[in-house]
Structure formats: structure tokens, C-alpha cells
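Work through the following exercises with the sequence and the 3D view open beside you. Try each task on your own before you read its solution.

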Amino acid sequence: MSRTADISRKTKETQVRVAIDLDGTGEAQVSTGIGFYDHMLESFARHGGFDVTIETKGDLHIDMHHTVEDTGIVLGQAFKEALKGHAGVRFGSAYIPMDETLTRCSVDLSNRPYLIWKVSFARPRVGEMDTELFKEFHHAFAMNAGACVHLETLYGENSHHIAESGFKALARALREAVELDPKTHGHAPSTKGVL
């Protein structure tokens, strides 16, 4: 079974295309116009083991918000479509240390989206990117992927490390969550029988 998807979305603010292969090798081609964001999305692909192509053209002459959020929306939609109904997948978690920072992420691919965000930054920007936009990405991704995501920086000081460990933790937790569980025999791992 091929767990892939290719989704496009066009609004007056952005044009986004995301292609994803959940069973890839971590190859990424990312172009959003925001250097640090590209770096985070490439890290997400690498540590998740997902092959992704992300092409976003946004209204960066205004600010980065629409570009970041809309990319998260489409990446979440593509992720959900690639799951092909959640059969045989569900939970994952990861701890990611990055120098002085430690971040934890737990996910449930329950088709009941939620975000718990316990992350704070000492600086308003990393590179040229506003740090408040990291929550916007994770929220957009979780809501559109149908994922319950709990992300918490347990401790840390460097804003770059806090942001990057969050993307890596999400990726590693998702990598675990999408591993097909042979004990489910292709059924949704829920007493309801469906997710």
C-alpha cells in the first residue's frame, strides 16, 4: 500500500503544494521563502523519515504568518490523506535533547485534533522568523492532520534549539505513530473500530 499524498491549496494570500511519502527516507525539497522555516521543515522530513516536497509562495511582503500557517495546513492535510484512514497506526512519542534543551512530544493519530503547547522563547525571532509562528505551524498541522499533539519544552534557553527540538520531536513521534502495527491486522486501533 502506497502511503502518499499530493495536495495543493490556493488562496489570495498563498499558493501551497505539498507531496509526502510516509514510507520515505527523509528526503526533502522545501521552498517557502523563509530560510529558518525551510530548515525546520527539512529537519521534520529527515527525522520523520518522510519524503516531502513543499512549495509555498506567500504574501511575505506583508509578513510570514500566512505562509507559515498555510504550509502547516496543507502539510497536515497531506499527512492525513497519506494515512489512508488510520488503519494500523495510532500513538507515538519522542524526547529530543539539543544541547541545553530537552523537548518532549506525544501524538495520537486519533482523528480528534488537539494541540497542547508548552513552549516559550526568550527571543522574539530566530533568524528572520517570529517565534510566535512556531505555535501557528504546529496548530495548523495538528488540526488538519487529525492529530492530538502534546509538545513541551522541558527546559532550554537557546531559541534556535527550542524551535528545532520541537520540530524534531514532532517528527520522531509521528514516525513512531505511523509504523504499521501487525497486531491490528489492518484495523483501526480503537475499541470503537474506527478513528
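## Exercise 1: a pair of strands

Strand β1 (residues 4–10) and strand β2 (residues 14–21) pair in the antiparallel sense, over seven bridges. Two strands count as paired if DSSP finds at least two bridges between them, and the elements themselves are DSSP runs numbered from the N terminus, with helices being H or I runs of at least four residues and strands E runs of at least two. The model is a predicted one, in which local features need pLDDT of at least 70 and side-chain atom pairs count only at pLDDT 80 or more, while totals for chains, interfaces and linings use all residues. Residues are numbered from 1 along each chain as its sequence is written, and side-chain values use heavy atoms, with hydrogens and water left out.

Task: Find which residue of β2 stands opposite Ala5, and describe what joins β1 to β2.

Solution: Step one is to locate Ala5 and look across to β2, where Ile20 stands opposite. Step two is to follow the chain from β1 to β2, which are joined by a hairpin through three residues.

## Exercise 2: salt bridges and their surroundings

Task: Describe the salt bridges of Arg17 with Asp6, of Asp23 with Arg3, and of Glu164 with Lys168, and state for each residue of the Asp23 and Arg3 pair whether it is buried or exposed in part.

Solution: Begin with the rule, by which a salt bridge is a side-chain nitrogen of Lys or Arg within 4 Å of a carboxyl oxygen of Asp or Glu; by this rule the count comes to nine salt bridges.

Next, take Arg17 and Asp6, whose side chains meet in a salt bridge at 2.8 Å, N to O. This pair links distant parts of the chain, since Arg17 is in strand β2 and Asp6 in strand β1, eleven residues apart.

Then turn to Asp23 and Arg3, whose closest N and O atoms are 2.7 Å apart in their salt bridge. This pair, too, links distant parts of the chain, with Asp23 in the loop between β2 and β3 (28–31) and Arg3 in the segment before β1, 20 residues apart. To judge the cover, recall that buried means under 20% relative accessible area, exposed over 50%, and partly exposed in between (1.4 Å probe, protein chains only). Asp23 has 43% relative accessibility and therefore counts as partly exposed, whereas Arg3 has 4% and so counts as buried.

Finally, Glu164 forms a salt bridge with Lys168, the closest N and O atoms being 3.3 Å apart. Because Glu164 and Lys168 are four residues apart in helix α4, they are separated by about one helical turn, and both are buried. Elsewhere, salt bridges that share partners join Asp6, Arg17 and Glu55 into one network.

## Exercise 3: checking the helices

Task: Does the span of helix α4 (residues 159–177) agree or disagree with the expected value, and what caps the N-terminal end of α4?

Solution: The expected span of a helix is 1.5 Å times one less than its number of residues. For the 19 residues of α4 this gives 27 Å, and the end C-alpha atoms are 27 Å apart, so the two values agree. As for cover, 15 of the 19 residues of α4 are buried, so α4 is largely enclosed by the rest of the structure.

The N-terminal end of α4 is capped by Asn158, a side-chain oxygen of which lies 2.9 Å from the backbone nitrogen of His160. This is a polar contact, that is, a pair of N or O atoms within 3.5 Å; within protein, one must be able to donate a hydrogen and the other to accept it, and residues adjacent in sequence count only if both atoms are side-chain atoms.

The same check can be made for helix α3 (residues 132–145), where 14 residues should span 20 Å and the end C-alpha atoms are 21 Å apart, which agrees. Among the buried residues of α3 are Leu133, Phe134 and Phe137. Just after α3, Gly146 takes a positive phi of about 70 degrees.

## Exercise 4: a loop residue

Task: Where does Asp99 lie, and is Asp99 buried or exposed?

Solution: Asp99 lies in the loop between β5 (91–98) and β6 (101–108). With 68% relative accessibility, Asp99 counts as exposed. Its phi is near 50 degrees, a positive value in a residue other than glycine.
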